[in-house]
Amino acid sequence: MSRRPIIAGNWKMHKTIAEALALVQEIKEAAAGCDGVEVAVCPPFTALAPVVEALRGTDIAVGAQNVHWEDKGAYTGEISPVMLRDAGCRYVIIGHSERRQYFGETDENVNRKVKAVFAQGLTPIMCVGETLAEREAGVTEKVVRTQTEAGLAALTGEQVAGMVIAYEPVWAIGTGKTASDEDAQQVISFIRGIVAGLYGDSAAGRVRIQYGGSVKPENAAGLMAKPDIDGALVGGASLEAASFTGIIRAVV
Ligand code: PEP
């Protein structure tokens, strides 16, 4: 089963509108011709609409970094899936470890958000991954299974096949420590097995599962050469066009 890899940049709480536009201009030029890989950028909410406008006519997709599960209502400070669709987003990152760690995101909320995003025709990039303490305690698979099963609950096989899952070991995010190619492949293949158990081989063969955690141009090729790794969710290295497009070029 051939899956088109997806390299997505998670800009986190970085970039003003002007900075965002300058960065996508550079990415647009540098990523031209990289057809074998899908590219997405996930700016902060304030820059979404201008970035969508700047990328109109290109194949580069835009995603948000979070969403509420309701379409509208008295939820001060929140952004709904309807608003993200209206702004021109295709993807939404859900359940990033920083949301889980600093903002109390639970597996149940991740599942609500995944379903709400699908209801608006958007595609979730659902993040799962263990902390360092969990890895050292030998419970990586247990943690990843719990997060994956809860996040995917009550979806259809077609939905799961069309979504993106990002395996992001928390200890590798923003730390400069990357999982070895083999460790990342082992956990991602384990996640694919969970999807197979829940939704069958067809969904498991089609769902794209990224690796995330200190991906850089220097380590991207080795990770992406692994059979179950379908791209990367990139934080720090997505903030500069040279490093982000270096990662894209390592995949094609
Ligand atoms: C992330 O935030 O999803 C991430 C993987 O960050 P970094 O690449 O900086 O580790």
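The following exchange concerns a predicted model and the grounds for several statements about its barrel, core and ligand shell.

Colleague: What makes β6 and β7 a pair of strands?

Modeller: Two strands pair if DSSP finds at least two bridges between them. Strand β6 (residues 164–167) and strand β7 (residues 208–212) are joined by four bridges and run parallel, so they meet that criterion. Within this pairing, I165 stands opposite I209 in β7.

Colleague: Which strands close into the barrel, and in what order?

Modeller: Eight strands close in the order β1-β2-β3-β4-β5-β6-β7-β8, with parallel pairing. On average, neighbouring strands of this sheet are turned by 25° against each other, direction ignored. Helix α2 (residues 48–55) packs on the sheet, where it touches β2 (38–42) and β3 (61–64). The direction of helix α2 makes about 170° with that of β3.

Colleague: Why are V92 and I125 called buried?

Modeller: Both belong to the largest nonpolar core, which has 78 residues, and they have the most contacts inside it. A nonpolar core is by definition a set of buried residues, so its members count as buried; the cut-off is 20 or more other C-beta atoms within 10 Å. Helix α9 (residues 181–206) gives the most to this core, with eight residues. Leaving aside neighbours within four places in sequence, the contacts of I125 include V92, V164 and L233.

Colleague: Which residues come nearest to the ligand, and how do the residues of its shell divide?

Modeller: Of the 13 residues around the ligand, I173, G174, G212, G235 and G236 come nearest. The shell divides into five nonpolar, seven polar and one charged. Gly counts as polar, so G174, G212, G235 and G236 fall in the polar group.

Notes
Residues numbered from 1 in each chain as written. Predicted model: local features only at pLDDT ≥ 70, side-chain atom pairs only at ≥ 80, totals over all residues. Near = placed C-beta within 6 Å. Core = buried A, V, L, I, M, F, W, Y, C linked by C-beta atoms within 7 Å. Buried ≥ 20, exposed ≤ 12 C-beta atoms within 10 Å, placed from the backbone. Helix = DSSP H or I, 4+ residues; strand = E, 2+ residues; numbered from the N terminus. Contact = placed C-beta atoms within 7 Å. Axes fitted to C-alpha atoms, helices over the stretch in contact; angles between N-to-C directions.
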